[in-house]
Amino acid sequence: MNPLLALNQSGQFVWLDYISRGLITGGGLQRLIDEDGLGGVTSNPTIFDKAISGSTDYDAGLRRVLDTACNISNRALAERVIVEDIQWAADVLRPVYDNSDGANGLVSLEVSPGSAHDTGATIDEARHLWHAVARPNVMIKVPATPEGVPAVEALTAAGININITLMLFLGHYEAVGQAYVRGIARHPQPHKVTSVAS
């Protein structure tokens with residue numbers, strides 16, 4: 001038996017720390033779900049940089065955006081293609097999400113590293129990305145910086161799925177755990193909020 005599928009039977013699921021347009025549109029993501037029991041996908045700016053700059057898969061989409069919005073900023077242009085990839089991946093993983101009652105089948109998207117030390121900017125960007133992707137099976141990555149911890153509480157209370165990152169010390173874990181509990185206590189349907197910490 002495939003060892004990854006054997007893991008699934010014991011309640012453990014492997015998530016892929018990689019995403020690219022070719023993986024999604026070429027059927028590779030679906031094959032990983034079908035053949036290996038893939039449980040989810042995470043992304044970050046470095047992964048997208050390599051995916052976009054390392055292939056021609058994005059050329060047509062970038063041209064399409066530039067043809068209609070020639071004065072678009074680089075950041076807004078990148079966000080458009082990234083959000084599109086996240087939406088497509090979330091759609092492919094949606095059956096996994098539905099069949100696991102929201103425990104798996106999620107795709108993570110990171111707030112800008114430039115927001116890591118600004119609570120308000122982290123909250124605003126996380127809300128913006130959550131609404132831009134508009135899929136229930138997306139998680140927004142928030143760093144466990146001193147400024148990120150209050151964002152964990154606010155976003156959890158707002159019902160936004162979050163993936164808390166950069167938890168390097170026991171103090172980070174304790175602060176994030178307390179913020180999560182405070183936030184989830186403020187949400188009217190806590191069972192609908194899915195979050196992980198790494």
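Are Arg21 and Asp85 buried or exposed? Both of them are buried. Keep in mind that this is a predicted model. Here's a quick tour of two topics: the strands around E3, and the salt bridges.

**Strand E3 and its partners**

- Strand E3 covers residues 106-110, and four of its five residues are buried, so the rest of the structure largely encloses it.
- On one pairing, E3 runs parallel to strand E2 (residues 40-41), with two bridges joining them; here Val41 has Val107 in E3 as its bridge partner.
- E3 also pairs with strand E4 (residues 138-143), again in the parallel sense, over four bridges. In this pairing, Leu109 sits opposite Ile140 of E4.
- To get from E3 to E4, the chain passes through helix H7 (residues 119-133), making a right-handed β-α-β crossover.

**Salt bridges**

- There are eight salt bridges in the structure.
- Arg21 and Glu84 meet through their side chains at 2.9 Å, N to O. That ties helix H2 (residues 21-25), home of Arg21, to helix H6 (residues 74-99), home of Glu84, across 63 residues of chain. Glu84 is buried, just like Arg21.
- Arg21 also forms a salt bridge with Asp85, with the closest N and O atoms 2.7 Å apart. This pair links H2 and H6 too, with the two residues 64 apart in the chain.
- Add Arg64 and you have a salt-bridge network of Arg21, Arg64, Glu84 and Asp85.
- Over in helix H7, Glu125 forms a salt bridge with Arg75 at 3.5 Å between the closest N and O atoms; Arg75 belongs to helix H6, 50 residues away.
- Glu125 counts as buried because its relative accessibility is 14%, while Arg75, at 53%, counts as exposed.

Definitions and conventions
Residues are numbered from 1 along each chain as its sequence is written. This is a predicted model: local features need pLDDT of at least 70, side-chain atom pairs count only at pLDDT 80 or more; totals for chains, interfaces and linings use all residues. Side-chain values use heavy atoms; hydrogens and water are left out. Buried means under 20% relative accessible area, exposed over 50%, partly exposed in between (1.4 Å probe, protein chains only). Two strands pair if DSSP finds at least two bridges between them. A crossover is right-handed if, with the strands pointing away from the viewer, the path from the first strand over the helix to the second runs clockwise. A salt bridge is a side-chain nitrogen of Lys or Arg within 4 Å of a carboxyl oxygen of Asp or Glu.
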